[in-house]
Amino acid sequence: MNTQIYLRPLALKDANVSYRWRNDPEVWSYTKFVLKDPITAEIEKQWLLNKLNLANEKRFAICVKNTNEYIGNIQLLDIENESAEFHLFIGEKKYWGKGIGYKASLMLLKYAFYNLNLKNIFLEVHSDNLAAYSIYKKVGFQRVSQHADFIKMVINSSVLLSAN
C-alpha cells in the first residue's frame with residue numbers, strides 16, 4: 001500500500017478527531033505524555049486554541065490524499081535561533097507501518113530548512129520505539145545522546161539539503 005499524504009496546518013476542528021488519540025494509551029506508549037484524566041473534545045479544543053497561534057510553533061495535520069482523512073500530527077516546537085524540536089505521531093493505527101511517518105518527516109524537514117531557514121532540528125525518541133528510531137535515522141537524524149529511556153537525535157540543514 002503506497003498511501004499518498006499531504007500536510008496542512010492543524011485546525012481547531014481537528015480536536016474532534018485528535019481527542020480520541022489522546023485517550024489511547026497505545027498511541028502514547030513511547031512518549032512522555034501521561035494521561036491523568038480523560039480528554040474530551042472540548043478539552044482538546046481548548047488546548048489547541050492555546051497552541052495554534054503560537055509564533056514559535058508550526059503544527060500540521062497529516063492527511064491521506066485521496067480521502068482527506070486526518071491521521072496524525074507533525075510539528076516543530078520551540079522554534080528559535082534557527083533550531084526547533086520535532087514531534088511526529090500517527091494517531092490512526094490502521095496507518096502504522098505504511099511509510100507515512102517517513103514521508104511526513106521528509107515533508108516537514110524540507111519546509112523547516114527551505115521555508116523557515118532552520119539550521120538544526122532535534123527530537124527525543126524512546127529507545128524501545130524502534131519504528132520511529134528507524135524513520136528518524138532514514139531521514140538523516142543522528143543520535144547524539146541518551147538520557148534514561150530517551151535518545152536525543154539531531155539533523156542539520158546540510159544533511160537534508162545535500163541528500164536532495
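Here is a short chat about helix packing, nonpolar cores and one loop residue in this structure.

Reader: What kind of model is this?

Author: It's a predicted model, where local features need pLDDT of at least 70, side-chain atom pairs count only at pLDDT 80 or more, and totals for chains, interfaces and linings use all residues. Residues are numbered from 1 along each chain as its sequence is written, and side-chain values use heavy atoms, with hydrogens and water left out.

Reader: Why are H1 and H2 called roughly perpendicular?

Author: H1 (15-22) and H2 (41-51) pack at about 105 degrees, with axes 8 Å apart. Roughly perpendicular covers 65 to 115 degrees, so H1 and H2 get that label.

Reader: What makes the contact between H1 and H2?

Author: Contact means heavy atoms within 4.5 Å. On the H1 side you'll find Ala15, Asn16, Ser18, Tyr19 and Arg22, and they meet Ala41, Glu44, Lys45, Trp47 and Leu48 of H2. That gives five nonpolar, two polar and three charged residues.

Reader: Why are H3 and H4 called oblique to each other?

Author: The axes of H3 (residues 100-115) and H4 (residues 130-139) come within 10 Å and cross at roughly 40 degrees. Angles under 35 degrees count as roughly parallel and those over 145 as roughly antiparallel, and whatever falls outside these and the perpendicular range is oblique. H3 and H4 are therefore oblique, and their crossing is right-handed.

Reader: Which residues make that contact?

Author: Gly101, Tyr102, Ser105, Leu106 and Leu109 come from H3, while Ile135, Lys138 and Val139 come from H4. They split into five nonpolar, two polar and one charged.

Reader: What makes a group of residues a nonpolar core?

Author: Its members are buried Ala, Val, Leu, Ile, Met, Phe, Trp, Tyr and Cys residues, joined through side-chain atoms within 4.5 Å. The largest one here has 32 residues, and Phe141 is among those with the most contacts inside it. H3 gives the largest share, seven residues.

Reader: Which residues does Phe141 touch?

Author: Leaving out residues up to four places away in sequence, its partners include Phe86, Leu109, Ile121, Tyr136 and Met153.

Reader: Why is threonine 40 called partly exposed?

Author: Buried means under 20% relative accessible area and exposed means over 50%, with partly exposed in between (1.4 Å probe, protein chains only). Threonine 40 has 38%, so it is partly exposed. Threonine 40 sits in the loop between H1 and H2.

Reader: How far is threonine 40 from phenylalanine 141?

Author: Their C-alpha atoms are separated by 35 Å, and the two lie 101 residues apart along the chain.

Definitions and conventions:
Axes fitted to C-alpha atoms, helices over the stretch in contact; angles between N-to-C directions. Helix = DSSP H or I, 4+ residues; strand = E, 2+ residues; numbered from the N terminus. Left-handed = near helix turned anticlockwise from the far one by under 90°. Nonpolar A, V, L, I, M, F, W, Y, C, P; charged D, E, K, R; others polar.
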